[in-house]
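Here are a few exercises to work through with the model open beside you. Try each task before reading its solution.

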Amino acid sequence: MKFLITTTLLLCTITDSFAQDAKTILDKVDKNMFSITKIIESDMVIYGRRNTRTVTSKGYSEGTDKSFTEYLAPEREKGTKMLKLEDRLWIYSPSTDRTIQLSGHMLRQSVMGSDLSYEDMMEDRKLTEMYDAKVIGEEVIDGRNTWILELTAIVDDAAYHGRKIWIDTQRYIPLQEELFAKSGQLLKKTVLTDVVKIEGRWYPRKVNYKDMLKDGKGTDFIIKDIQFDAKIPEYIFSKAALKQ
Amino acid sequence: MEEKIISIEKLVKRFPVGKTEFVALNNLSASFVRGEFAGLVGPSGSGKTTLLNIIGSLDTPSEGEVHVLDKSISLLSHKQSAKLRNRHIGFIFQTYNLLPVYTVYENVEFALLLQKLSGPERKKAVMDALEWVGLTDKIKSKPSMLSGGECQRVAIARSMVKRPEIVLADEPTANLDSKNSHHILQTMKKLNRELKTTFIFATHDEKVMQYLDRIISLEDGKVVKDELIKNSKNQ
Amino acid sequence: MLAIKLAFKNLLGAGLRTWLNVTVLSFAFVLMIFYNGMIDGWNRQSRKDTQAWETGEGQFWQPEYDRYDPYTIQDSHGAMSEEIQSEIAKKNLVPVLIAQATAYPQGRMQGVTLKGIDPDQTILKLPTKALSKTNDSDYAMIGKRMATSLKMDVGDRLLIRWRDKNGTFDAREIEIISVFKCDVPSVDKGQIFLRLEVLQEMMGMENEATLLVAGENFKHRDFKNWVFRDQDFLLADMDKIIQAKKAGGTIIQALLLIIALIAIFDTQVLSIFRRQKEIGTYIALGLTRSQLVGIFTVEGGAHSILAALLGAVYGIPLFLWINKVGISMNYTQGMDIDLPIGEAIYPYYSLQLITISIILVVISATIVSYLPARKISKMKPTDALRGKLQ
């Protein structure tokens, strides 16, 4: 699910009239990557100081509002399920056989020890509502030409005051993103790689998400299998599904 | 004119021995008057000590009546019998039974501590008693530092210090040599005369018998002979 | 009176055996007083230090604030009214703003608490003056424990990241300008002190604070939207921990006491068996059996009086000496103890502590003396005189 959210975060449509170029670019990105539903099986690789953990999960999503994730491995996390409906998040833990709704400070906690917080996954306001975007240059990354988009917060309560996004000029997919503090300090960086064509779309199979203030290699999300616009039964996005 | 201070009527004392009973005193009757210097004699097991114990209210009759100073021994409570012993009866034992951690003075004084006496009164009584037995120079000694004869003299002083009506002496000379025996017997005889204290001995010592003016012979818990004696040493 | 006199006579007369019992009992006694005195001394010291460094004469808290729930900090800030401002100006109150942040020492990630405080405050012992040396907003002060856990020293720079009142991330590098030494871990561990206005600016919380610490001259009154927390409330948990430590020590004390009591019990049983003849003699001399039970009980119980005296003989000089030099707690410096602990503890012996200890020892010694002494009341005097009892 993290994969879903991280990518959708980057794909919010921009409607700002002062940044026609940026808007056009992001619109195309959106068109390329958007699908009504997705079913993704992925590995989350968490690089720790001493060891590396891999968490496997299967996620179902519909638009940006609804998603459901079930963890498959390791044994300790197996059977844990997560449901997001708009701005609410529930977690079911099989060891306690309880469903809890995460709220407030709990959303700031890390997801399974990764570099990503629940809150990072929850943000689903459109970037254009929160940021002023403009193209500030071009760069070649891994042999691909990209535009560099700079986003500056126009609301008070954006978690990150500034963002920079690198977008492939031919395939219209994001390849890299940086998140900045108010002071301009680089806080986090996302790198998207292994871009392949799946069902006629270009899609990055690997995303690395890293807290830049901390040592380490961050957290990788690797797609093992993805289906676009598959039929997902409605009951999947209900609290009842958590306990099954 | 002779005041009867002890009277014993048809006294029976039985002790359980295993499943049966041993009859220590068998239907014994006797009486004593004030100022007697009497002895219970007889072989071991004849009931001498048992009789002394009952007179001293250390034990109670199985049957019969024992009156000491007009008090029935069988009817006394613990407290009353303790009071009787404390005020009116002195004991002298074969083994002296001095309290080892006390000095001579304290051993003698002990008997008076239970009585309401002022300090100076008590002191005078103790010193008088020690003077009777001739031990005023040893008041600070502990019993372990004294000879057997001296110990028994302390015991006599202890029994006499409260000026009891009756002194019960159980084989007082058994552990003493002849010289010491005569010495303490003379002391007791002297106190008997001067203070009119009644002495009753349990003994089979010939030396003691020389001083007695009455000998009651016991056998199997019965009085077999009760005679008044006139001899050189009891005058 | 007679019984007491006799008891001591007999006890002292018994010599070595008595002194062995008395010595063991006096150890129990001295240890009991010492241990509790140490804990009490520690407690007093802790309370005093905590008060001086942290709690002052009580605090006003924002209603949501809970010091044990860091998640309440986010919402625990409020504006200071003019009334409060004037008390602050008179140095009767010192405002503290608290915020949560993440520090990144040497590329590690560590949760920290930021505390904004007026550098010119005089209410708390915190050496906040260090923060007033410069107007530069990037200076911070930390305690020694924090310095150790961050592996930082004066002059080192530390990157911190926090979220302002709107939740927007911000990050900044600060320089450690001073490291203070403090016996109270709760004002040190995990905390970074900044100037109040710096933290207010960082958080976007101008003129706001999380709590107000009252000083000695503060005349108590209530402020709207602030909850007063008194000393008892602020120190309650510390008291609880110290009480728990006290309870832990009772096991050793109880063990030693029990050994001493068993020795007394044993002595009593033996003494009653061996002194039958003496008991018989006492009865012949006119003591009642209950008087005798009393004498023997007092005799056994008097072990405790001798123990108290003996304990006093070596205990008082020992305690006086310890109170002069203190009990060195240097070995705890590197340890992770959550209670304020100085370099040395000075035990405090209250009259109450000593009285309770004496009463406890005397009563327990008397009880164990009484139990075997009861046997006397069942003795037949004639058998006792002959030494015939089993």
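A residue counts as buried when its relative accessible area is under 20%, as exposed when that value is over 50%, and as partly exposed in between. Keep in mind that you're looking at a predicted model.

**Exercise 1. A strand in chain A**

Task: Work out how many residues of strand β9 (residues 162-168) of chain A are buried, and find which strands β9(A) is joined to by bridges.

Solution: Start with the cover. Of the seven residues in β9(A), six are buried, so the strand is mostly covered by the under 20% cut-off. Next, look to one partner: strand β8 (residues 144-153) of chain A runs antiparallel to β9(A), and seven bridges join the two. One pairing to click on is A:Glu150 with A:Lys164 in β9(A). Now the other partner: six bridges link β9(A) to strand β10 (residues 174-180) of chain A, again antiparallel. Here A:Trp166 has A:Gln176 in β10(A) as its bridge partner. Finally, check the turn. The hairpin of β9(A) and β10(A) has five residues between the strands, and A:Tyr172 takes a positive phi near 55° there.

**Exercise 2. Salt bridges inside chains**

Task: Say where the two residues of the salt bridge between A:Asp168 and A:Arg144 sit, and whether A:Asp168 is buried or exposed. Then do the accessibility check for C:Arg221 and C:Glu83.

Solution: The whole structure has 38 salt bridges over all chains. In the chain A pair, the side chains of A:Asp168 and A:Arg144 meet at 2.9 Å, N to O. A:Asp168 belongs to strand β9 of chain A and A:Arg144 to strand β8 of chain A, so this salt bridge links distant parts of the chain, 24 residues apart. With a relative accessibility of 1%, A:Asp168 is buried.

On to chain C, where C:Arg221 and C:Glu83 form a salt bridge of 2.6 Å, N to O. C:Arg221 lies in the loop between β10 (211-214) and β11 (227-229) of chain C, and C:Glu83 is in helix α3 (residues 82-89) of chain C, so the pair ties together parts 138 residues apart in sequence. Both ends come out as partly exposed: C:Arg221 has 29% relative accessibility, and C:Glu83 has 36%.

**Exercise 3. Where chain C meets chain A**

Task: How much area do chain C and chain A bury between them, and which three residues of chain C supply the most?

Solution: Begin with the area, which is about 1,800 Å², 51% of it on carbon and sulfur atoms. C:Tyr71, C:Arg163 and C:Phe169 supply 30% of what chain C buries against chain A, more than any other three residues. Then count who takes part: 17 residues of chain C and 21 residues of chain A. For the polar side, there are eight residue pairs in polar contact and two salt bridges. One of the salt bridges joins C:Arg161 to A:Asp211, with the closest N and O atoms 3.7 Å apart. On chain C, the elements giving two or more residues to this side are β6 (157-163) and β7 (169-180). By type, the chain C side divides into six nonpolar, six polar and five charged residues.

**Exercise 4. One asparagine**

Task: Decide whether C:Asn43 is buried or exposed, and which residues beyond its sequence neighbours it contacts.

Solution: First place C:Asn43, which is in helix α2 (residues 16-55) of chain C. Its relative accessible area is 13%, so C:Asn43 is buried. Leaving aside neighbours within four places in sequence, C:Asn43 is in contact with C:Met238, C:Asp239 and C:Ile242.

Note on methods: Residues are numbered from 1 along each chain as its sequence is written. Chains are lettered from A and ligands numbered from 1 in the order in which they are written. This is a predicted model: local features need pLDDT of at least 70, side-chain atom pairs count only at pLDDT 80 or more; totals for chains, interfaces and linings use all residues. Side-chain values use heavy atoms; hydrogens and water are left out. Contact means heavy atoms within 4.5 Å. Buried area is the accessible area (1.4 Å probe) that two parts lose on being put together, summed over both. A salt bridge is a side-chain nitrogen of Lys or Arg within 4 Å of a carboxyl oxygen of Asp or Glu. A polar contact is a pair of N or O atoms within 3.5 Å; within protein, one must be able to donate a hydrogen and the other to accept it, and residues adjacent in sequence count only if both atoms are side-chain atoms. Helices (H or I, at least four residues) and strands (E, at least two) are DSSP runs, numbered from the N terminus. Ala, Val, Leu, Ile, Met, Phe, Trp, Tyr, Cys and Pro count as nonpolar, Asp, Glu, Lys and Arg as charged, and the others, Gly among them, as polar. Buried means under 20% relative accessible area, exposed over 50%, partly exposed in between (1.4 Å probe, protein chains only). Two strands pair if DSSP finds at least two bridges between them.
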